Amino acid sequence: MLLNGAITFISQRSISNGSTNHPWLNERCHSALLRKHAAFGSNDYKQACQDCSLVLQQEFQVYVNGIKRRLASLRRGSKQFWNLSKKLLLGVEKVAIPALQSSSSSWVQDPGDKANLFAQTFRDKWVLPQASQNLYSFDGLQSFVARSGFLQLRSRDARFYLSSLDVSSATGPDGLSTMLLRSIADVIAIPFSRLARRIVAAGEWPSSWKVHWITPLHKKGKRTSAHNYRGLQITSQLSKAMERYLGCHFLPQLSYSGSFGQSQFAYRKFHGARDAVLFVLLVWLLAFARGRKVGLYCSDVAGAFDRVSCELLLSKLERSIIHRDLLKVISSWLVGRVGKVIVQGASSVNFLLKNMCFQGTVWGPALWNIFFSDAPLAMRRCAFKEIMYADDLNAYREFDNSV
């Protein structure tokens, strides 16, 4: 209904952007290119190529001179100044996926085939390793009594979270943009709050919000290998608003109750990476001032959010301070979802996303902190003190100078 209303009352236009588009290619350039192609195979082809190159060079120089004039009129260091500087340096970010090399050493060039290759690669990556029981297997979380009682889900809070959506955030698979939801927040606040009450009463997360679009993002190494990309998951903006709306009843309590651990600096209010760096810097400087040495252990979890045992996570959540009704909703939220990779407008076949703290969601980071909170137990057994930032687990210990 919302999409039909938007199509009826909001003007629309389609914008096509290819990998060969440049802002300085005008009609004169197109005419020169057409003359060159028309002269192919004739005696005039060489001269047509030279004329075409000259036209392209002249128009490009006109474009550069125009950018320089606009730069001169802007304040140095402003956002517009740096955006124009990137255009002047041709620093436009590459968004096109090049030809990919498959496992059989063949080249994949069609967008649909690229999407399916990425889907197979991500499906193979996002698999849980074999579980192993050891001395530290889930034995260090503090137990809390699960809360019960009435949950106040007010329409005014729904209006706040809908109107606070970030307009620069990507539109999800449902097609409802943050711009649209912010504009009609006053109108849909009451039905949105009623939907929240229905979700809590049923203990079920809507299946229409369990669809993820996955965009490949190059991370390192060769751009022709699908293994060197990570998948960015794009989810429904209405789903994110609902997560924030329901999350206000348990996310702050998880942080303040110590369920994340006292040494976790990520995804917590009044905590951040700078706080963690400052803390260890002061501790180590004090140790050096006392003439002592500091031993360090640094670790990082590979594919942290994408490989989480939901069974183990739920058993940890049951020992945390979360309302019983919301615990049922989270259990439904963690059930497997449908994902498909999008490459240049083409989509892959659907595949199952399971055993993960889903990226592109609001609850994912907090659930990861719960899952990872007992990881430092082995460090403490060796008299080390840990500093955690999301999936980065670092530990240190002071030693005598003679060690």
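**Salt bridges, a pocket and a surface patch**

Arg292, Glu398 and Asp400 are joined to one another in a network of salt bridges. The model is a predicted one, and 6 salt bridges turn up in the structure.

Another of these contacts pairs arginine 159 with aspartate 186, where the closest N and O atoms are 3.3 Å apart. Arginine 159 sits in helix H6 and aspartate 186 in helix H8 (residues 185-202), so this contact ties together parts that lie 27 residues apart in sequence. As for cover, arginine 159 is partly exposed, since its relative accessible area is 29%, while aspartate 186 comes out as exposed at 56%.

Aspartate 374 and lysine 316 also meet through their side chains, with 2.9 Å from N to O. Here the loop between H14 and H15 supplies aspartate 374 and helix H12 supplies lysine 316, so the pair ties together parts 58 residues apart in sequence. Are these two partners buried or exposed? Aspartate 374 has a relative accessibility of 9%, and because the cut-off for buried is under 20%, aspartate 374 counts as buried. Lysine 316 is buried too, at 3% relative accessibility.

A further salt bridge brings glutamate 386 together with arginine 380, again through the side chains and with an N to O distance of 2.9 Å. Glutamate 386 is buried, with a relative accessibility of 11%, whereas arginine 380 is partly exposed at 44%.

Lysine 316 shows up once more in the largest pocket, which has a volume of about 960 Å³. The lining of this pocket is made up of 29 residues, and the closest to the pocket centre are Ser132, Asn134, Leu312, Lys316 and Phe371. Which elements give two or more residues to the lining? They are helix H12 (310-317), helix H14 (363-372) and helix H15 (377-381). By residue type, the lining splits into 17 nonpolar, 8 polar and 4 charged residues. Lys316 therefore has two roles in this description: a place among the residues closest to the pocket centre, and a salt bridge to aspartate 374.

On the outside of the model, Leu278, Leu281, Leu282, Leu285 and Phe288 make up a nonpolar surface patch, and together they have about 490 Å² of accessible area. One of them, leucine 281, belongs to helix H11 (residues 273-289). Leucine 281 is partly exposed, given its relative accessible area of 42%.

Leucine 162 gives the opposite picture. This residue is part of helix H6 (residues 155-163), the helix that also holds arginine 159. Leucine 162 is buried, with a relative accessible area of 0%. In space, leucine 162 lies 8.7 Å from methionine 242, C-alpha to C-alpha, although 80 residues separate the two in sequence.

Back at the start of the numbering, helix H1 (residues 2-9) includes phenylalanine 9. With 72% relative accessibility, phenylalanine 9 counts as exposed. Between the C-alpha atoms of phenylalanine 9 and valine 64 there are 39 Å, the two residues being 55 apart along the chain.

Methods:
Residues are numbered from 1 along each chain as its sequence is written. This is a predicted model: local features need pLDDT of at least 70, side-chain atom pairs count only at pLDDT 80 or more; totals for chains, interfaces and linings use all residues. Side-chain values use heavy atoms; hydrogens and water are left out. On a 1 Å grid over the protein atoms alone, a cavity is a set of points where a 1.4 Å probe fits but cannot get out, and a pocket is an open set with protein on both sides within 12 Å along at least five of seven lines; lining residues have an atom within 4 Å of a point. Grid points are joined across faces, edges and corners, and a volume is the space filled by probe spheres set on the points. Helices (H or I, at least four residues) and strands (E, at least two) are DSSP runs, numbered from the N terminus. Ala, Val, Leu, Ile, Met, Phe, Trp, Tyr, Cys and Pro count as nonpolar, Asp, Glu, Lys and Arg as charged, and the others, Gly among them, as polar. Patches are made of residues with over 30% relative accessible area and no salt bridge: like charges are joined within 9 Å, nonpolar side chains (Val, Leu, Ile, Met, Phe, Trp, Tyr) within 5 Å. Accessible areas come from the Shrake-Rupley method with a 1.4 Å probe; for residues, only the protein chains shown count as cover. A salt bridge is a side-chain nitrogen of Lys or Arg within 4 Å of a carboxyl oxygen of Asp or Glu. Buried means under 20% relative accessible area, exposed over 50%, partly exposed in between (1.4 Å probe, protein chains only).
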